[in-house]
Amino acid sequence: MLKQFLSRLPRKTPKSDSDESCRADSSRSDDSPRAAGRHNRTHGVAAASNAAKRTSSSAVFPASTVSVIEPLVPFKDVPSSEKMNLFVSKLSLCCVSFDFTDPGKDTVEKEVKRRTLVELVDFVSSCGSTRFGEPAILAVCRMCAINLFRVFPPNYRSNRGGENDDDEPSFDPAWPHLQLVYDLLLKFITSNCLDAKVAKKYIDHSFILRLLELFDSEDPRERDCLKTIMHRVYGKFMVHRPYIRKSINNVFFKFVFETERHNGIAELLEIFGSIISGFALPLKEEHKIFLWRVLIPLHKPKSMGVYFQQLSYCVTQFVEKEPKLASIVIRGLLKYWPITNSQKEVMFLGELEEILETINMVEFQRVMVPLFWRIGCCINSMHFQVAERALFLWNNDHIVNLIAHNRQVILPIMFPALEKNSQGHWSQAVMNLTHNVRKMFAEMDEKLFLACHSQFKEEEALLNAAAEKRKEAWKQLEHAASLQPVIGNTPVLVSTI
């Protein structure tokens with residue numbers, strides 16, 4: 001019974017048999033029209049299957065047509081009319097991927113691909129007046145997609161910043177070939193032979209999004225190449241600029257509010273720094289929303305130290321373009337102030353000084369009360385670097401001028417913090433800086449300084465009296481409790497003093 005069942009199952013035809021049958025059909029094609037039709041259908045299915053396999057190798061672009069010219073022929077050995085066809089053929093040759101984790105595997109093929117990529121880079125650099133047609137643009141985009149676009153495994157990513165600041169960067173073993181592909185893409189985009197109106201059909205939103213995904217690479221060399229390429233794409237394809245800004249914003253949103261894990265935040269912020277410098281005045285509402293909803297929350301993650309320099313530059317660019325935004329930025333910094341992270345506090349104080357250097361009097365007066373209350377807390381910090389950095393603000397002439405014009409409000413806020421430090425901070429350097437700041441306030445307005453000093457003494461006396469009163473009340477309670485008899489198992493606390 002089982003044999004009968006198995007005998008009815010279709011048997012898989014070996015590849016050699018299928019090839020022989022195809023050849024037999026083709027040999028009988030002149031004798032039978034039906035056989036010819038069957039032969040055409042067979043080859044059509046095979047061609048479609050091969051095309052499907054080639055298409056599946058790239059998630060973005062279909063397979064390009066391979067020219068009949070031998071791909072290894074140098075460009076100098078073919079006439080000018082055939083060079084573009086040879087260019088497409090060499091690009092198709094470079095669509096083959098190799099495993100670079102094993103240096104001894106496919107060494108000959110890897111070297112052929114490397115030499116071909118070098119030829120392609122040289123050709124694009126010296127293309128002259130020849131315009132790249134759609135087949136060439138398609139071939140370049142497809143080759144770059146196959147070689148560059150990849151998904152990083154989970155263990156490939158790490159949380160950069162914080163405890164991992166000292167970790168050595170990870171380098172991709174395939175970088176010698178990846179670098180050539182990136183060089184080719186960069187020279188292709190910046191080439192005068194490339195028409196942006198034609199290329200935007202292939203360097204589209206999908207292509208740009210996949211490029212942005214590569215910024216999560218742990219290899220700093222790759223991120224640096226991507227940064228340069230994205231700069232050029234943003235400059236050349238004006239139609240894609242809103243989409244590029246939106247896509248980068250989405251990366252920032254995911255980093256801040258979901259994962260706090262991404263390796264390319266610094267590079268993306270550097271790109272945005274150059275974009276912000278080109279914003280026209282007055283700033284659009286879209287750009288102001290970006291400042292408040294993206295740049296300010298980027299101060300929150302623990303790994304802010306990795307991209308702090310680029311973030312501070314972007315924020316400062318906004319304030320320089322529109323000084324009215326200074327108060328908004330300072331309120332945002334106060335909102336995300338790192339109370340328990342001394343290293344971030346020092347960075348916040350540095351950024352705060354840069355903003356105060358460009359702020360005008362009106363915006364300063366809007367935020368000076370909460371601002372100097374926070375600075376007073378920093379001055380009293382037990383971490384000497386935080387206290388020193390806060391006191392260094394008085395070395396800035398512009399900030400001192402702002403304080404002097406608003407000393408009636410600022411000195412009463414700052415005097416208790418300064419007096420507390422002068423009475424006994426553990427760091428002698430902090431105490432010396434505190435005395436210098438007190439001296440500056442005294443020279444600004446001696447009468448106000450003495451009034452604040454007397455007010456501080458009165459408040460200190462009231463606090464001491466309240467503390468003594470509270471201590472005496474506890475003593476009376478303890479004495480009254482000691483006179484009460486112990487009933488049952490009720491415990492009674494009796495002071496031994």
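1. In this predicted model, the side chains to look at first are Trp337 and Phe348, both of which are buried. They come up in a search of the whole structure, which finds 19 aromatic pairs, and the two rings meet edge-to-face, with 5.4 Å from centre to centre and 75° between the planes. Trp337 belongs to the loop between helix H15 (326-335) and helix H16 (342-358), while Phe348 is part of helix H16, so the pair ties together parts that lie 11 residues apart in sequence.

2. A further edge-to-face pair is formed by Phe384 and Trp426, whose ring centres are 6.1 Å apart and whose planes make an angle of 80°. This pair links distant parts of the chain, 42 residues apart, since Phe384 is in helix H18 (residues 384-391) and Trp426 is in the loop between helix H20 (407-424) and helix H21 (428-444).

3. The accessibility of these two residues deserves a separate remark. Phe384 has a relative accessible area of 33% and is therefore partly exposed, whereas Trp426 reaches 55% relative accessibility and so counts as exposed, the cut-off being over 50%.

4. Elsewhere, one aromatic cluster is made up of Phe75, Phe87, Phe123, Phe132 and Phe188. Phe75, one of its members, also has a charged neighbour, for Lys90 lies over the face of the Phe75 ring at 5.5 Å from the ring centre.

5. A comparable arrangement should be noted for Phe100, where the charged end of Lys110 sits over the ring, 4.8 Å from its centre.

Conventions: Residues numbered from 1 in each chain as written. Predicted model: local features only at pLDDT ≥ 70, side-chain atom pairs only at ≥ 80, totals over all residues. Heavy atoms only, no water. Phe/Tyr/Trp six-rings, centres within 6.5 Å; stacked < 30°, edge-to-face > 60°. Helix = DSSP H or I, 4+ residues; strand = E, 2+ residues; numbered from the N terminus. Buried < 20%, exposed > 50% of the residue type's maximum accessible area, 1.4 Å probe, protein only. Lys NZ or Arg CZ within 6 Å of the ring centre and 35° of its normal.
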